[in-house]
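Hello,

Here is the structure I promised to pass on to you. Have a look at it first, and then read on for what turned up when I went through it.

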Amino acid sequence: MDTTGAVPPERWGAEFHSPDPDAPGTSYCPRGSFLSDVETFDADFFGISPLEAGEIDPQQRLLLETAWAAMEDSGRPREKWSGSRTGVYAGILAMDYTLLHSKTAGIGSINPYYASGKEFSFAAGRIGYVFGLHGPSMMVNAACSSSLIAVHLACQALRAGECDTALAGGVNLLLAPELSVFMSKVRALSPSGTCRPFDVTADGVVRGEGAAMVVLKRTQDAIADGDRILGVIAGSATNHDGRSAGLTAPNPEAQQAVLAQALRAAKLEPRDLSYVEAHATGTPLGDPIEVAALAAVLGAGREPDAPLPIGSIKANFGHLDSAAGILGLLKAMLIVRHREVPPQIKLDRPIDDLRASGLTVATEATPLAAADGPLYAGVSAFGLSGSNAHLILASPPALGAGVPRRPVARKGRPAAAMPLLLLSAPDQVRLGRHVAELAAALAAPDAPDAGDLFATAAVRRTHFAGRIAVRAACAAEARAALDAYALGAEHPAIRAGDTTDARPLPFVHVFSGAAAHPRMGLGLYRTQPAFRDALDECAAVIAAEAGWSLLTELGRSNAAWSRQPEINLPVLVAVQLALSRLWTSWGLPPVAVLGHGPGRIAAAAASGVLDAADAMRLALRAAARPAAAADRLITADGSVDDVTAAVSDIAGVRVLDVTGPAAVVLAGSARAVRQAAAALRAAGITSGPARPLSAFDLSPGSAEAGELAAGLTVRAPAVPMLGLPADHVNDADRIAQVLGPDWLWPAVDEFLGKRAVHFLELGPGPVLAAQLVEAGRHRKRTSRAYAALNHAPDAVAAIADTLAALYVTGAPVEWDRVFTPTHVHPAAADRAGGPTVLARRSARRSPGRSGRGPAGHDLGDGDQPVRDPGAAERDRARTGPHGAAGHRRAAERSRAGRVRAGGRFGDAA
C-alpha cells in the first residue's frame with residue numbers, strides 16, 4: 001500500500017514547487033502522504049468553545065482525538081481515567097501553525113487562546129486537562145525520534161512508579177511549506193517523489209503526516225486488570241550522536257551503541273530478535289549507515305539461511321517526522337502479533353550493504369519461525385539533530401492456565417451471561433452512526449463473538465448520555481434490532497433514552513407477597529454467582545430445618561407447591577433474598593427496604609433485622625402455621641383516618657392494609673364486615689369486596705409471636721425497613737411487627753416526603769409498581785418502579801430487560817459486576833473490541849496559511865463544510881498569498897459562536 005500523492009492544493013500552492021533545487025522559497029518534491037480532513041474537529045465533544053478550537057494547532061487537536069481513541073480502545077471507560085495517575089508523553093516537531101498565524105493573522109489578532117493553542121507543551125497539557133489525568137505530562141521534540149523517545153520516557157516513568165498508566169505517541173502535520181523547502185535545500189527530499197528504503201535508486205525522503213498513541217501499563221497490572229494486551233515493551237534506550245561528521249549527519253557508532261543498550265535493557269541476545277523496523281528514510285547516505293550498524297550488532301553470527309528480516313514503513317506512509325517512531329512501533333506490534341513480515345514495497349535493487357550482513361529485506365509476505373516463547377522485534381528512530389532511540393517489542397503473552405475463560409457459546413447464544421447490548425453516544429447523530437457501524441460489524445463474515453462484544457460494550461466502553469439497550473440472545477437478534485432502530489422502526493427488544501438531565505436516585509428494594517412460581521430465577525442461578533451463593537445459603541437452611549430441597553422444588557416445571565404455602569413461602573423468600581443480594585452486587589444497594597405480606601420476611605433480612613438463615617427459619621415457621629378461619633375483606637375508597645373514624649364503633653373489624661391515599665383494606669367476620677360496609681356508606685365512602693391478601697396479621701405480645709421468634713437473633717436494622725416501628729420491647733414483639741398488618745401507603749408516603757427514590761420490586765413481577773408510582777406522584781416525586789422478573793419464564797431475559805430500562809434512564813449500575821470476569825474474556829489480544837464512539841467532525845477554521853490550505857478556507861454559518869478550492873483561490877487572489885481576508889472572516893464567524901465541530905481517530909497516513 002502506497003499512501004503518497006501530490007501535495008493537496010489546500011496545503012500550499014504550486015508557486016512553492018520547482019524542479020530546480022536552488023530556486024529560492026521552493027521545494028523540488030511535490031509529493032507526500034497527507035490526511036484528508038485535518039480541518040475538522042469536534043470541539044463540543046471535548047468541551048472546547050468554538051473560538052478556542054479555531055486557535056488550536058490542528059496537531060494539538062489531532063493528538064487529543066487520537067489520545068481519546070486510544071483510551072477508549074483500551075477498554076477503560078472515560079470516568080475511570082479521571083483522577084488517575086496517567087502520564088502523557090508525545091512527540092511533536094512542526095510549528096507550521098504558529099508560522100501561519102504570524103504571517104497571515106499577525107500580532108494584532110493574538111487573543112487569550114494564542115499560547116495555549118500553539119505552544120507545544122499544551123498539546124500534552126490539554127489531554128491531561130480534558131480527561132483529568134494526574135501523571136507526568138510532557139511534549140518531546142527530538143526531531144524524527146521524538147515519538148519513540150516519548151514511549152521510552154513513558155516506560156521509564158512506569159517502571160519508576162511515577163505513573164500507573166501512560167499515553168505515549170506523536171503527531172505530525174504538514175500545514176506550511178517551510179520545512180519542506182528547508183529539506184530541499186539540504187537535498188534530503190526525494191526529487192522523484194518516491195521513498196525507496198534499502199534500494200540502490202533511493203534518492204531521499206518523502207514527508208508524511210499522521211498521529212498515533214498507545215496506552216502503556218506495567219505488564220503485571222495489565223494482566224491483573226484483564227486488559228487486551230497487544231504487545232510488551234521488553235526494553236528501550238536512547239542516546240545522541242555526539243560529534244559526528246556534521247550536526248545533521250548520522251553516527252554509526254552511536255547507532256550501534258543504542259542497539260546494544262536496548263538489548264541489555266531487555267536482557268536479550270542479538271539472536272533473540274526476529275525482526276527490526278528500521279528508521280530507513282530512503283536516503284543514499286542514511287540507509288547504508290543504518291544497515292551497517294544493524295549488521296554489526298544484530299546480523300553478526302546469524303546463519304546464511306536465517307538472516308534477520310528488516311523493513312521500513314516509510315515506503316508506504318512517508319516519513320512522519322515526530323510521529324515516525326510510533327508508526328514503526330505499531331507496524332512491529334502487528335508483525336509480532338501475526339508472526340508475519342509484510343513485503344517491503346518499492347524495493348527493486350537492494351543496496352550492496354545487505355550482502356553478507358546477516359540481514360534481509362522481505363519482498364513478499366514472510367512467516368516468522370515458530371517459537372516456544374514470545375517473538376521480539378526492534379524499532380529504531382534517529383533524529384536529525386542527533387537523538388537516537390531503539391525499542392524492543394515482544395509479542396503479547398498467552399492466556400495463563402489460571403486465567404478464567406468465558407463460557408462457550410451454544411446454539412447461537414452469546415457466551416456472556418447477560419443477553420444485553422449497550423450502546424451510547426453524546427448525541428443522536430453519533431448514536432445513529434455508532435448503531436450503523438455496530439450492525440455492520442455484526443453482519444461481517446469475521447464478526448466478533450456476540451458474548452465478547454456484549455461484555456466489551458458494557459464494561460469497557462464509556463457510557464454517554466444518548467443510549468439504547470438491546471436485549472438479544474445472539475448476534476443475529478442484535479443485528480435485527482439495530483437495523484430496525486436505524487430505520488426508525490419500533491422493536492420490542494430495544495429501549496432508548498437520554499440521560500443528559502438524569503439525576504441518579506437511590507433505590508428502595510421492594511419485596512411483594514405474590515406467590516412464587518416454578519423455575520423462578522433458575523436462569524440467574526446458573527449464570528450469576530451472587531444470586532447462586534445466596535440461594536445456596538437459603539437452600540442449606542431449608543434442607544437442615546425442613547428436609548426438602550429448594551433447588552429440586554424450584555426446578556419442577558409444574559409444581560403443585562405453587563398452591564402450598566409451606567413450600568411456596570420459603571421459596572419466595574429465598575428467591576427474593578437472592579435477588580436483593582444480586583442487585584446490591586450490581587451497584588444498586590437499598591437505601592431502604594419495603595415488604596408487603598410474606599415479602600416482609602425477606603425485607604427484614606435485607607434490612608439486617610434478621611440474617612438470611614434466621615429469615616428462612618422464620619419463613620418455614622410462618623408457612624407451617626395452621627390456617628385460621630378466613631376473614632372477610634372489603635376495600636374502602638377513603639383515607640385511613642376517614643375509614644377508621646367511620647367504623648370505630650364496630651367490634652371485630654380492623655385495618656389490614658393501606659395501599660393508597662384513598663385505599664384501605666378492612667378485615668373481620670362476615671357480620672362485622674357487613675356492618676362496616678353500612679357504616680362506610682353512611683359516611684359517603686364507597687366500599688366493595690377485596691381479593692384475599694397474604695398478610696400474617698400477627699399481634700405484638702401474642703404467644704404465637706413468641707413461638708415464631710424462639711431461637712432467632714433479632715438485630716437493629718442496618719437499613720431502614722419502611723413501616724417497621726423504631727422501637728420494640730423484645731424480640732417476639734419485633735417479629736410480630738415484621739409479621740403484622742401491612743400499612744404500605746403511610747410508610748411509603750412518609751419516606752417519600754423526606755427524599756426522592758426509585759423502587760426495585762424483587763418478586764415474581766410488578767405487583768406493587770402502580771401503587772409505588774402513585775405514591776411518588778402524590779409527593780411530586782419522579783419516582784420510577786422497576787420489576788426484576790416481570791412474571792417471565794426466562795429470568796435472565798427478564799432481568800436483562802430491567803437492566804435495559806435502568807441503563808437508558810441513567811441508573812448507576814456497575815456493569816463490570818453484571819458481566820463478571822467469568823463472562824469477560826480477559827487479557828487476550830483477540831478479544832472483540834467492536835466499534836468505538838469517536839467524535840463527529842465538522843469544519844473548523846484555522847488562522848490562514850502560506851498559499852492555500854486549511855487555514856485559508858472560509859466557513860459559513862453552522863456546521864458547513866469548507867468552501868471549494870476555487871473560492872479559496874479567489875480569496876487568495878484578492879488578499880495576496882496568505883489569504884488574510886479569509887482568515888478574518890472565519891475568525892469573526894468563530895467568535896460569534898456559530899461554528900460547531902466533530903472528530904475521529906487520525907490514522908497515520
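Let me begin with the aromatic rings: a search of the whole structure, which is a predicted model, gives 11 aromatic pairs. One of them is formed by W68 and F464, with 6.2 Å from centre to centre and 75° between the planes, an edge-to-face arrangement. W68 belongs to helix α2 (residues 58-73), while F464 sits in the loop between α15 (450-459) and β17 (466-471), so this pair ties together parts that are 396 residues apart in sequence. Both partners are covered: W68 is buried at a relative accessible area of 1%, and F464 is buried as well, at 11%.

A second pair you may like to look at is F507 with Y786. Their ring centres are 6.0 Å apart and their planes meet at 45°, so the pair counts as tilted. Here too distant parts of the chain are linked: F507 is in strand β19 (residues 507-511) and Y786 is in strand β26 (residues 785-787), 279 residues apart. F507 is buried, with 2% relative accessibility, and Y786 is buried with 8%.

W68 also turns up in a wider group, as ring pairs join F41, F45, F46, W68, F131 and F464 into a cluster.

Two arginines are worth a look alongside the rings. R76 is placed over the face of W81, 4.6 Å from the ring centre. R467 is placed over the face of Y807, also at 4.6 Å from the ring centre.

Next, the sheet. Which strands make up the open sheet, and in what order? There are 4 of them, in the order β5-β4-β6-β7, and their pairing is mixed. At the edges are β5 (137-140) and β7 (210-217), each of which pairs on one side only. From one strand to the next the twist averages 15°. Inside the sheet, β4 (residues 86-91) pairs with β6 (residues 165-172) in the parallel sense, over 6 bridges. If you would like a residue to click on, G87 has A166 in β6 as its bridge partner.

Helices pack on this sheet. Helix α2 touches β4, β5, β6 and β7, and its direction makes about 40° with that of β7. This is the helix that carries W68. Helix α7 (residues 146-160) lies across β4, β5, β6 and β7 too, and runs at about 170° to β6.

Finally, two single residues. T104 is part of helix α4 (residues 96-105). Its side chain reaches back to the backbone oxygen of L100, at 2.5 Å. Is T104 buried or exposed? With a relative accessible area of 9%, T104 falls under the 20% limit and therefore counts as buried.

S557 gives the opposite reading. S557 is located in the loop between α19 (550-554) and α20 (565-585), and its relative accessible area of 51% makes this residue exposed. Which residues does S557 contact, leaving aside its neighbours within four places in sequence? They are P518 and R519. Of these, P518 is 39 residues away from S557 in sequence, yet the C-alpha atoms of P518 and S557 are 5.8 Å apart in space.

Happy browsing, and best wishes!

Conventions: Residues are numbered from 1 along each chain as its sequence is written. This is a predicted model: local features need pLDDT of at least 70, side-chain atom pairs count only at pLDDT 80 or more; totals for chains, interfaces and linings use all residues. Side-chain values use heavy atoms; hydrogens and water are left out. Helices (H or I, at least four residues) and strands (E, at least two) are DSSP runs, numbered from the N terminus. Buried means under 20% relative accessible area, exposed over 50%, partly exposed in between (1.4 Å probe, protein chains only). A polar contact is a pair of N or O atoms within 3.5 Å; within protein, one must be able to donate a hydrogen and the other to accept it, and residues adjacent in sequence count only if both atoms are side-chain atoms. Rings of Phe, Tyr and Trp (its six-membered ring) pair if their centres lie within 6.5 Å; planes under 30 degrees apart count as stacked, over 60 as edge-to-face and the rest as tilted. A charge sits over a ring if NZ of Lys or CZ of Arg is within 6 Å of the ring centre and within 35 degrees of the ring normal. Contact means heavy atoms within 4.5 Å. Two strands pair if DSSP finds at least two bridges between them. Axes are lines fitted to C-alpha atoms, for helices over the stretch in contact, and angles run from 0 to 180 degrees between N-to-C directions.
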